[in-house]
Amino acid sequence: MTVDCQLCWDSSPGRWIVRSGGICCAGLESSLQVSLLVQSRSRRAPPMTRVRRRSRRPSEPVVAVVKVIYSPEHKQLVPPYSVEAGVHGAPPDVPDRAEAILRDLLADDGFEIEAPTEHGLEPILALHDPGLVRFLETAWDLWTAEGRTQPLYPDTFMHRSMREGMGSVQEPESTLARMGYWCFETFTPIVEGSYPAARAAVNVGLTGADVLLAGEPIVYGLCRPPGHHVGQHIFGGSSYLNNAAIAAEQIVRRTGEPVAILDLDYHHGNGTQQLFYERPDVLYVSLHGDPIRAWPYFSGYADETGFGAGEGATRNIPLPLGCSDGPYIAALDDALELIARHGSPRLIVSLGFDTYRLDAEDFELTNAAFHTIGGRVGEGGRPTLILQEGGYYVPHLGRNARQWLRGAEGRAFEPDSEAP
Ligand SMILES: [Zn+2]
């Protein structure tokens, strides 16, 4: 327990980075235990009462702090390598992604970090196949029981044509074969920490939804791993469970009202689209690299608009190579118009920063553009839950997240000479 708590203790300023109601993120529930730990680590321990309003300059309006939901459990997910385009290379989704964002938000007194609460399996099983969830939960133990020590990657996929004309196939027994049954690519391994990290990211999203429904206008869930590539029966894209979709489903169930999802990751959120493709009560609008050239290649085209009762409730805006600030923001305005017409009282943003000009993908968005984009979303005035998806240029990831959120709050842009 003490070791776990060290995950959420920031020793340099000497404070807890996550603690809600006297409960630290690792579950230390006793305020006595917490205060003893605090005393043992720093004489500059923070007070138990949280500060609800940030300090401000006289010219700035009073703005409530934005709640940031964060769990250190994501650090358990450490993919040692990936296989992309046949090349053995560095994994894109590393723990420092979330830590870099956390560091920048901690440096800004406009944010308040809170721990997620456990929401159990029920909200997950409301959207995902129980077989998929069971596989994710047990695969690492089964794999290592076979004497394997390397990360579990698929090598054979159930291509749709393999069973053409022969009906469906049952899930195999081999762990390796099952990986190819459930996963669709080669850079989302199962390692020891995959499942606990994925569960924690779902709890981050669901706790964010709780906070939103309790009346906060803007909530940011620092999810890692991301989630928007996971469908009912399939996972991949550095994603294991669909954080944004699960949060959206719970908002619909709890309020009886529709919800809109705005996906601003570079990659199309194939999983989110698929989960709600026949639903009129969840609008899915996505801006992304045109799948004619951009991963995941097989979804995200403009003519995919939903099916049956969901016809018109899916809208894709694929964007060209080299898309820069102006065209992107013009497309965003179109997306926000679609959302306004849908009339959902609440909005979920699947937020990726792999649209950044220094990220590995082919868009050219600047740090300043992220502030403008956040501002445009915030101007809509809907209670908004922002959940982190991709973004892999770690040196500027925190700066981009911070400016996006400042924009959404209506706070000023802070020019950054190091982040173009
Ligand atoms: Zn992405």
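How many bridges join β5 to β8? The count is 4, and the two strands run parallel. Here are my notes on the rest.

1. **What you are looking at.** This is a predicted model, in which local features need pLDDT of at least 70 and side-chain atom pairs count only at pLDDT 80 or more, while totals for chains, interfaces and linings use all residues. Residues are numbered from 1 along each chain as its sequence is written.

2. **The chain as a whole.** The protein chain holds 12 helices and 14 strands; these are DSSP runs numbered from the N terminus, helices being H or I with at least four residues and strands E with at least two. Of its 420 residues, 49% count as buried (20 or more other C-beta atoms within 10 Å of a residue's own; exposed is 12 or fewer and partly exposed lies in between, with C-beta atoms placed from the backbone). Among contacts with a separation of 6 or more, 74% come from residues 24 or more positions apart; a contact requires C-beta atoms, placed from the backbone, to lie within 7 Å.

3. **The sheet.** An open sheet of 8 strands follows the order β8-β5-β9-β14-β13-β10-β11-β12, with parallel pairing (two strands pair if DSSP finds at least two bridges between them). The edges are taken by β8 (111-114) and β12 (314-319), each with a single partner strand, so one side of each has no neighbour in the sheet. On average, neighbouring strands are turned by 20° against each other, direction ignored. As background, strands of a sheet pair through backbone hydrogen bonds, either parallel or antiparallel.

4. **Strand β5.** Beside its pairing with β8, β5 is joined to β9 by 3 bridges, again in parallel. Ile69 is a handy residue to click on: it stands opposite Glu114 in β8 and opposite Gly221 in β9. Both faces of β5 are covered, with Val66 and Val68 buried on one side and Lys67 and Ile69 buried on the other. In a regular strand the side chains alternate between the two faces of the sheet.

5. **Towards the other edge.** Strand β10 (residues 259-263) and strand β11 (residues 282-289) pair in the parallel sense over 5 bridges. Asp263 has Ser286 of β11 as its bridge partner.

6. **Helices on the sheet.** Helix α7 (residues 194-213) packs on the sheet and touches β5 (66-69), β9 (218-221), β13 (346-351) and β14 (384-388), its direction making about 170° with that of β9. Helix α12 (residues 394-409) also packs there, touching β5, β9, β13 and β14, at about 165° to β9. Axes here are lines fitted to C-alpha atoms, for helices over the stretch in contact, and angles run from 0 to 180 degrees between N-to-C directions.

7. **α5 with α7.** Helix α5 (residues 130-145) packs against α7 at about 155°, with the axes 8 Å apart. That makes the two roughly antiparallel (over 145 degrees; under 35 is roughly parallel, 65 to 115 roughly perpendicular and the rest oblique). Leu136, Glu137 and Trp140 of α5 meet Ser194, Tyr195 and Ala198 of α7. By class, the residues of this contact divide into 4 nonpolar, 1 polar and 1 charged, where Ala, Val, Leu, Ile, Met, Phe, Trp, Tyr, Cys and Pro count as nonpolar, Asp, Glu, Lys and Arg as charged, and the others, Gly among them, as polar.

8. **α10 with α11.** The axes of helix α10 (residues 325-342) and helix α11 (residues 367-379) come within 11 Å and cross at roughly 10°, which makes α10 roughly parallel to α11. The contact is formed by Asp325, Tyr328, Ile329, Leu332, Asp333 and Leu336 of α10 with Ala369, Thr372, Ile373 and Arg376 of α11. Its residues comprise 6 nonpolar, 1 polar and 3 charged.

9. **A buried glutamate.** Glu73 sits in the loop between β5 and β6 (82-84). Why does Glu73 count as buried? Because 24 other C-beta atoms lie within 10 Å. Leaving aside residues up to four places away in sequence, Glu73 touches Pro196, Ala197 and Ala200. The C-alpha atoms of Glu73 and Ala197 are separated by 5.5 Å, although these residues are 124 residues apart along the chain.

Methods:
Contact = placed C-beta atoms within 7 Å.
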